[in-house]
Amino acid sequence: MPTETTLRRMTERVDKLGRKFSEYLGIFDKESIFTGPSLYFHYRTLERLNSTTPVRVFEDKQFFEYLYATLCSWGLHRMGPTPTKLVEFENLCSSLQAQKDKIIDLQEYRLSGLSDEESNKVRDALWEILSNLEISKSETQLVAGSKALHHLLPAIMPPIDRQYTLMFFYNSKNPYDTGRQVFKTIYPLFHRIAVNNRDAIRDKIGQGFHTSETKVIDNAIVGFVLKELK
């Protein structure tokens, strides 16, 4: 459970992010730190998602191939003697396909359109999916699972990483809380950011790496960390 000091710092950072939301997005755009394969395969994955139905995407091998390449380019698989490895392609596919019905049930939601009560229900449903995914041999369900699930539920599942997301919220790449507790704590804050910055977020969608509400929020958080915490 995060301490009162940690919770207070989270609230202060979320408020500051909201006051300078466009500024932090500008920093993200200017720095352009995510390019090449990380951007290309992200685009291709979402194109496949949007070109089919929520049911048929689970039968689309090319979607999963693009997703596998995206996760690799997003830092979840490295060559050589390192523990940073994705599971085998077939295992990743079957892990996500096993959660098919639960994922489809969440397809119609959009983060900024959720009430507080709906946000809590969606958070719990997302964690139920995340906790049963097998995406990486080394990373937690929170990091690897969120990056994979983001590409099936981009409207409600933000990608989470250590260098930016966890640094923003916890001021640490490795918080002591369990993955479940971290997600339970930060998801309502993602929802708050989405609601408070709805217009700015929607205006940005479709420009460059700003591919969804949750990705715009993720990009603003990256901009915040680059400016305030580096």
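The following exchange concerns helix packing in a predicted model.

Mentor: This is a predicted model in which local features need pLDDT of at least 70, side-chain atom pairs count only at pLDDT 80 or more, and totals for chains, interfaces and linings use all residues. Residues are numbered from 1 along each chain as its sequence is written, and side-chain values use heavy atoms, with hydrogens and water left out.

Trainee: How are α4 and α8 oriented to each other?

Mentor: Helices here are DSSP runs (H or I, at least four residues), numbered from the N terminus. Axes are lines fitted to C-alpha atoms over the stretch in contact, and angles run from 0 to 180 degrees between N-to-C directions. Helix α4 (residues 61–76) and helix α8 (residues 141–150) have axes 10 Å apart, at an angle of about 140°. Angles under 35 degrees count as roughly parallel, 65 to 115 as roughly perpendicular, over 145 as roughly antiparallel and the rest as oblique, so α4 and α8 are oblique.

Trainee: Which residues in α8 does α4 meet?

Mentor: Contact means heavy atoms within 4.5 Å. From α4, the residues involved are L67, L71, W74 and L76. Their partners in α8 are V143, A144, K147, A148 and H150.

Trainee: Within what arc do the buried residues of α5 fall?

Mentor: In helix α5 (residues 89–97), F89, L92, C93, S95 and L96 are buried (under 20% relative accessible area, 1.4 Å probe, protein chains only). These buried residues pack against α4 and α6 (100–104). The arc is taken from the directions from the helix axis to the C-beta atoms. Seen down the axis of α5, the buried residues line one face, because they fall within an arc of 165°.

Conventions
Helices (H or I, at least four residues) and strands (E, at least two) are DSSP runs, numbered from the N terminus. Buried means under 20% relative accessible area, exposed over 50%, partly exposed in between (1.4 Å probe, protein chains only).
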